[in-house]
Amino acid sequence: MTQTTQTKPIGDTGMGRLHDQVAIITGSGRGIGRAIAEALAGQGAKIVISDINEELCKSTADELSQQGLQVLGVPCNVTQSESIEKMVETVVNSWGRIDILVNNAGITRDALFMRMTEEQWQAVIDTNLSSAFKVTKPVVKVMSKQRSGRIINIASTTGVHGNFGQVNYAAAKGGLIAMTKTIALEYASRNITCNAVAPGFIDTAMTKALGEEIISKVIEKIPLGRMGTPDDIAQAVVFLAGPGSYITGQVLEVNGGLYT
């Protein structure tokens with residue numbers, strides 16, 4: 001576990017929108033998750049870097065701590081309840097509360113429907129959907145006692161519109177959207193909001209692996225003419241994480257107009 005003794009993150013005067021709020025971001029060792037963590041920290045939040053890769057989790061937390069951000073690095077396997085309970089306990093013992101949860105951890109195991117194995121199906125369902133259920137349960141207990149909280153689930157436009165070769169991913173993200181709406185209904189009375197951000201085609205290591213030809217064909221279909229960036233997603237999360245929000249149970253697609 002890594003913790004900094006700094007009292008103010010870089011760029012924060014002590015009066016950021018999220019000053020002193022505690023945010024857990026799963027799968028935040030790199031990519032979109034890390035961008036979300038940095039954006040929340042830029043608004044004054046104390047951030048929890050959580051990743052299944054213990055070395056990556058530690059190195060990312062160390063790097064951000066050296067920038068003056070308030071950081072805890074807590075490795076966690078989001079498919080295992082025991083690991084999740086340990087993470088939540090560590091955060092509460094360290095900072096006393098949890099104000100923001102971003103369920104970002106996810107994987108892909110793409111294949112056309114008839115070629116997809118049960119193992120490929122289950123791996124994605126476990127990591128992209130069941131994990132959000134498992135992580136949210138202990139966190140929402142903390143938020144309920146506080147009578148406040150913001151839950152943001154990172155879904156996907158694939159979960160809204162479907163996509164060739166991603167029936168497992170689409171099912172998981174579609175289920176995550178349905179879970180978002182239900183939690184929003186059940187916990188509104190506790191001043192806990194629950195929303196989803198649905199990224200489109202984002203410039204990450206995952207999309208780079210598709211190759212230039214496929215990437216070019218997809219970009220041709222995007223009205224804004226480019227892939228999104230991790231920061232585009234991060235700024236949407238910051239918006240939904242803000243105090244006094246009257247938004248809950250919604251899905252914000254961040255896709256450059258791809259499906260307009």
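**Strand β4 and its surroundings**

Strand β4 pairs with strand β5 (residues 149–154) in the parallel sense, and four bridges join the two. This pairing is part of a predicted model, in which the protein averages a pLDDT of 93 and 94% of the residues score at least 70. The stretch to read with care is residues 1–13, where pLDDT stays under 50; for these residues the model has 38 contacts beyond four places in sequence.

Within the β4–β5 pair, N103 has N153 of β5 as its bridge partner. Strand β4 also pairs with strand β1 (residues 22–26), again in the parallel sense, over three bridges. Here A23 stands opposite I100 of β4. In a regular strand, side chains alternate between the two faces of the sheet. Strand β4, which spans residues 100–103, has I100 and V102 pointing one way and L101 and N103 pointing the other. All four of these residues are buried. The path from β4 to β5 runs through helix α4 (residues 118–146), and the three elements together make a right-handed β-α-β unit.

Helix α4 comes up again in the internal space of the model. One cavity of 30 Å³ or more was counted, and the largest cavity has a volume of about 60 Å³. Its lining includes N103, the residue of β4 that is bridged to N153. Also among the lining residues are T26, V78, N104, A105 and I154. Helix α4 gives the largest share of this lining, with four residues. Both α4 and α6 (167–187) supply at least two residues each. Other residues that line the cavity include T127, N128, S131, A132, K173 and L176.

Turning to open space, the largest pocket holds about 1600 Å³. Its lining comprises 48 residues, and those nearest the pocket centre are T108, Y169, T204, M206 and T207. Several helices take part: α1 (31–42), α4, α5, α6, α7 (205–208) and α8 (212–220) each supply at least two lining residues. Helix α5 (residues 157–161) holds T158. This threonine counts as buried because its relative accessibility is 8%, and the cut-off for burial is under 20%. Beyond four places in sequence, T158 touches N163, Q166, Y169 and A170. One of these contacts, Y169, is also among the residues nearest the centre of the largest pocket.

Further along the chain, helix α9 (residues 230–241) contains F239. With a relative accessibility of 47%, F239 counts as partly exposed. Leaving aside neighbours within four places in sequence, F239 is in contact with R17 and I247. The contact with R17 links distant parts of the sequence: F239 and R17 are 222 residues apart along the chain, while their C-alpha atoms are separated by 9.8 Å.

Two backbone positions also merit a look. Most residues other than glycine have a negative phi. D20, in the segment before β1, has a positive phi near 70°. R147, in the loop between α4 and β5, likewise has a positive phi, near 60°. D20 is partly exposed, with a relative accessible area of 35%. R147 is partly exposed too, with a relative accessible area of 47%. The loop that holds R147 thus falls within the β-α-β unit formed by β4, α4 and β5.

Notes: Residues numbered from 1 in each chain as written. Predicted model: local features only at pLDDT ≥ 70, side-chain atom pairs only at ≥ 80, totals over all residues. Heavy atoms only, no water. pLDDT = per-residue confidence, 0-100. Contact = heavy atoms within 4.5 Å. Buried < 20%, exposed > 50% of the residue type's maximum accessible area, 1.4 Å probe, protein only. Pairing = 2+ DSSP bridges. Right-handed = clockwise from strand over helix to strand, strands pointing away. 1 Å grid on protein atoms, 1.4 Å probe; cavity = no way out; pocket = protein on both sides within 12 Å on 5 of 7 lines; lining within 4 Å. Points joined across faces, edges and corners; volume = space filled by probe spheres on them.
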